[in-house]
Amino acid sequence: MSYSIIAAIGKNRELGKDNDLIWHLPNDLKFFREVTTGKTIIMGRKTFDSLPKMLPNRKHIVISSSNNFNSEVKVYKDIKQLLLDYKNSLEELFVIGGASIYKQFIDIADKLYLTEVDAECLDASVYFPEFDKNNYEKTILKENEDNGIKYKHVLYKKL
Ligand SMILES: NC(=O)c1ccc[n+]([C@@H]2O[C@H](COP(=O)([O-])OP(=O)(O)OC[C@H]3O[C@@H](n4cnc5c(N)ncnc54)[C@H](OP(=O)(O)O)[C@@H]3O)[C@@H](O)[C@H]2O)c1
């Protein structure tokens with residue numbers, strides 16, 4: 001099994017505000033779609049609630065203490081059982097947020113696909129966890145820009 005995190009973060013690791021994304025970056029959403037299409041995506045209940053609809057061609061796993069989801073969603077009440085169930089899987093599983101889920105997977109994931117946005121948000125409500133970049137090989141995959149906001153798609157691979 002392998003876990004990959006995918007997230008868009010600001011200069012101070014800002015992730016979101018009022019249960020929504022901070023920046024509207026259409027080219028980043030396109031990158032997200034390209035990387036995750038055909039894959040299994042894992043998310044917290046609040047991130048699931050923030051989606052306008054189910055994301056096409058992706059298997060959804062939601063972590064939640066409740067069970068109030070449509071039948072297409074696989075629900076886990078805790079991370080432990082999920083890790084056990086996928087222990088022998090050869091799939092690359094994508095952890096798509098939010099902050100509470102990134103925090104629980106940061107030490108487990110061996111790849112981090114981070115969109116590093118060259119901007120700040122002073123009143124963000126959630127942040128990506130701190131991690132030691134010395135433990136990763138860094139590759140800049142692509143530089144991008146939307147609405148005058150510059151950002152880089154960076155892949156951190158655990159050494
Ligand atoms: N920038 C990005 O790339 C990015 C990506 C994704 C999300 N976001 C942003 O992040 C924010 C949401 O993050 P968040 O941390 O507030 O919420 P979240 O991680 O999306 O969801 C939190 C919920 O997940 C469930 N949960 C988490 N850990 C659990 C565990 N161990 N066992 C059982 N349930 C667990 C709980 O659901 P229940 O309350 O139902 O029990 C909890 O309330 C939003 O602003 C969103 O837009 C940003």
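Is G97 buried or exposed? Let's work up to that and a few other puzzles. This is a predicted model, where local features need pLDDT of at least 70 and side-chain atom pairs count only at pLDDT 80 or more, while totals for chains, interfaces and linings use all residues. Residues are numbered from 1 along each chain as its sequence is written.

**Exercise 1. Work out the surroundings of G97.**

Step 1: start with the rule. A residue is buried if 20 or more other C-beta atoms, placed from the backbone, lie within 10 Å of its own, exposed if 12 or fewer, and partly exposed in between.

Step 2: apply it. G97 has 25 other C-beta atoms within 10 Å, so it is buried.

Step 3: place G97 in the chain. It sits in the loop between β7 and α4. Those names come from DSSP runs, numbered from the N terminus: helices are H or I with at least four residues, strands are E with at least two.

Step 4: find its contacts (C-beta atoms, placed from the backbone, within 7 Å). Leaving aside neighbours within four places in sequence, G97 touches A7, L15, M43, G44, T47 and Y102.

Step 5: check the peptide bond. G97 and G98 are joined by a cis one, with omega about 0 degrees. Most peptide bonds are trans.

**Exercise 2. Compare the settings of R13 and D18, two residues with positive phi.**

Step 1: read the angles. Phi is near 70 degrees for R13 and about 50 degrees for D18. Neither is a glycine, and most residues other than glycine have a negative phi.

Step 2: locate them. R13 is in the loop between β1 and β2; D18 is in the loop between β2 and β3.

Step 3: count neighbours. R13 has 18 other C-beta atoms within 10 Å, so it is partly exposed. D18 has 10, so it is exposed.

**Exercise 3. Trace the open sheet and find its edges.**

Step 1: write the order. Eight strands line up as β6-β5-β4-β7-β1-β8-β11-β10, with mixed pairing. Two strands pair if DSSP finds at least two bridges between them.

Step 2: look at the ends. β6 (73-76) and β10 (136-146) each have a single partner strand, so one side of each is left without a neighbour in the sheet.

Step 3: zoom in on one pair. β4 (residues 40-44) and β5 (residues 59-63) run parallel and are joined by five bridges. M43, for one, has V62 in β5 as its bridge partner.

**Exercise 4. Which residues have the most contacts inside the largest nonpolar core?**

Step 1: define the core. It is a set of buried Ala, Val, Leu, Ile, Met, Phe, Trp, Tyr and Cys residues joined through C-beta atoms within 7 Å.

Step 2: name the winners. The largest core has 33 residues, and I5, A7, I42, V95 and Y102 have the most contacts inside it.

Step 3: find the main supplier. β1 gives the most, with six residues.

Step 4: follow one member. Leaving aside neighbours within four places in sequence, V95 is in contact with residues including I5, I42 and Y102.

**Exercise 5. Describe the shell around the ligand.**

Step 1: count. The shell has 28 residues (C-beta atom, placed from the backbone, within 6 Å of the ligand).

Step 2: pick out the closest. They are G16, G44, S65, G97 and G98.

Step 3: sort by class. There are eleven nonpolar, twelve polar and five charged residues. Here Ala, Val, Leu, Ile, Met, Phe, Trp, Tyr, Cys and Pro count as nonpolar, Asp, Glu, Lys and Arg as charged, and the others, Gly among them, as polar.

Note on methods. Contact = placed C-beta atoms within 7 Å.
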